[in-house]
Amino acid sequence: MEVGLLMKNELFTLVSCSDLIPLKRVHLIVEILAKIPFKIRWIHFGDGPEMSNIKSRSETQLKQHETKFMGNVSNAAILDFIRNPVSTYLSQPVQLKGCPSHFKKPVALRIPCLATDVGGISEVINNESGILIPSDFDVNTVAKQIIEFKTSTKNSLQNRKRIRVEWQDKFKAENTYNEFIDHLKSL
């Protein structure tokens with residue numbers, strides 16, 4: 001099996017990673033996933049003062065799904081986990097400008113991402129490589145996008161390979177550093 005690719009008999013798995021604080025609006029992930037009619041697995045990495053609130057909401061609203069809260073773990077542990085079959089990497093639905101660097105690892109592993117279109121996120125995630133949503137999204141609309149994603153070509157092996165190629169072109173250090181040096185030499 002190739003790294004980061006969902007096998008047909010695997011449960012549709014979504015992974016998120018963030019501090020559990022009000023600013024991150026992780027409770028909206030619970031509301032979105034509550035609208036998904038097929039069984040999913042949601043794994044969240046991170047901890048914070050909202051942990052008991054998010055867990056409580058998950059226990060009542062996501063009974064049909066598998067949920068697991070991993071707490072704070074090392075970046076290496078997260079990377080090891082997402083090397084397993086993951087369907088989609090979810091961004092916390094923040095409304096503030098964000099740095100897209102935390103998406104580079106999932107994209108490098110061919111994992112489509114769902115992210116709010118804030119700050120520089122669209123530099124890494126676009127509607128071909130994942131799901132880009134407005135910061136003031138409607139949970140029903142996002143749930144519908146995830147449902148459609150599951151059986152779309154965005155969730156295909158071919159698209160996952162294309163995501164990796166796009167990452168190599170835009171973000172692989174060997175390529176970008178050489179381009180930057182060439183640019184500096186031309187000045």
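In the predicted model, helix α2 presents Ser 52, Glu 59 and Thr 60 as exposed residues on one side, whereas Met 51, Ile 54 and Ser 58 of α2 are buried. When the helix is viewed down its axis, these buried residues fall within an arc of 70 degrees, so they line one face of α2. An α-helix has 3.6 residues a turn, so residues three or four places apart point the same way. The buried residues of α2 pack against helix α1, strand β2 and strand β3, the last of which spans residues 66–71.

Helix α2 also contributes to the largest nonpolar core of the model, since it is one of the elements that each supply at least two residues to that core. The core has 27 residues, and those with the most contacts inside it are Leu 33, Trp 42 and Ile 146. Besides α2 (51–61), the elements that each supply at least two of its residues are β1 (12–17), α1 (27–33), β2 (40–45), β6 (130–133) and α5 (139–150). Another core, of 22 residues, lies apart from the largest one, and Ile 111, Val 118, Ile 121 and Ile 163 are among its residues.

A search of the whole structure for paired aromatic rings finds 4 such pairs. In one of them, Phe 12 and Phe 38 are arranged edge-to-face, with 5.6 Å from centre to centre and 85 degrees between the planes. Phe 12 lies in strand β1 and Phe 38 in the loop between α1 and β2, so this pair ties together parts of the chain that are 26 residues apart in sequence. Phe 12 and Phe 38 are both buried, and for Phe 12 the relative accessible area is 2%. The ring of Phe 12 is also paired with that of Phe 149: the centres are 6.2 Å apart and the planes stand at 65 degrees, an angle over the 60 degrees required, so this pair too is edge-to-face. Here the link is between distant parts of the chain, because Phe 12 belongs to strand β1 and Phe 149 to helix α5, 137 residues apart. Phe 149 has a relative accessibility of 3% and therefore counts as buried. Through these ring pairs, Phe 12, Phe 38 and Phe 149 are linked into a cluster. A charged residue is placed beside this arrangement in one respect: Lys 150 lies over the face of Phe 38, at 4.3 Å from the ring centre.

Strand β1 also holds Thr 13, which has a relative accessibility of 1% and, because buried residues are those under 20%, counts as buried. Although Thr 13 and Ile 40 are 27 residues apart along the chain, their C-alpha atoms are separated by 5.8 Å. When neighbours within four places in sequence are left aside, the residues in contact with Thr 13 are Arg 41, Ile 43, Pro 85, Val 86, Ser 87 and Thr 88. With Arg 41 there is in addition a polar contact, in which the two side chains meet at 3.0 Å.

A further polar contact, of 3.1 Å, joins the side chains of Asn 126 and Glu 166. Asn 126 lies in the loop between β5 and β6, while Glu 166 is found in helix α6, which comprises residues 157–171. Both residues of this contact are buried, Asn 126 with a relative accessibility of 16% and Glu 166 with a relative accessible area of 17%. If residues up to four places away in sequence are not counted, Asn 126 touches Ile 131, Leu 132 and Glu 166. On a corresponding count that leaves aside neighbours within four places, Glu 166 is in contact with Val 124 and Asn 126.

Two arginine residues have a backbone angle that deserves mention. Arg 25 has a positive phi of about 55 degrees although it is not a glycine, and this residue is placed in the loop between β1 and α1. With a relative accessibility of 13%, Arg 25 counts as buried. Arg 110, which is likewise not a glycine, has a positive phi of about 70 degrees and lies in the loop between α4 (104–108) and β5 (113–116).

Note on methods. Residues numbered from 1 in each chain as written. Predicted model: local features only at pLDDT ≥ 70, side-chain atom pairs only at ≥ 80, totals over all residues. Heavy atoms only, no water. Core = buried A, V, L, I, M, F, W, Y, C linked by side-chain atoms within 4.5 Å. Buried < 20%, exposed > 50% of the residue type's maximum accessible area, 1.4 Å probe, protein only. Helix = DSSP H or I, 4+ residues; strand = E, 2+ residues; numbered from the N terminus. Contact = heavy atoms within 4.5 Å. Polar contact = N/O pair within 3.5 Å; in protein donor to acceptor, adjacent residues only side chain to side chain. Phe/Tyr/Trp six-rings, centres within 6.5 Å; stacked < 30°, edge-to-face > 60°. Lys NZ or Arg CZ within 6 Å of the ring centre and 35° of its normal. Arc of directions from axis to C-beta.
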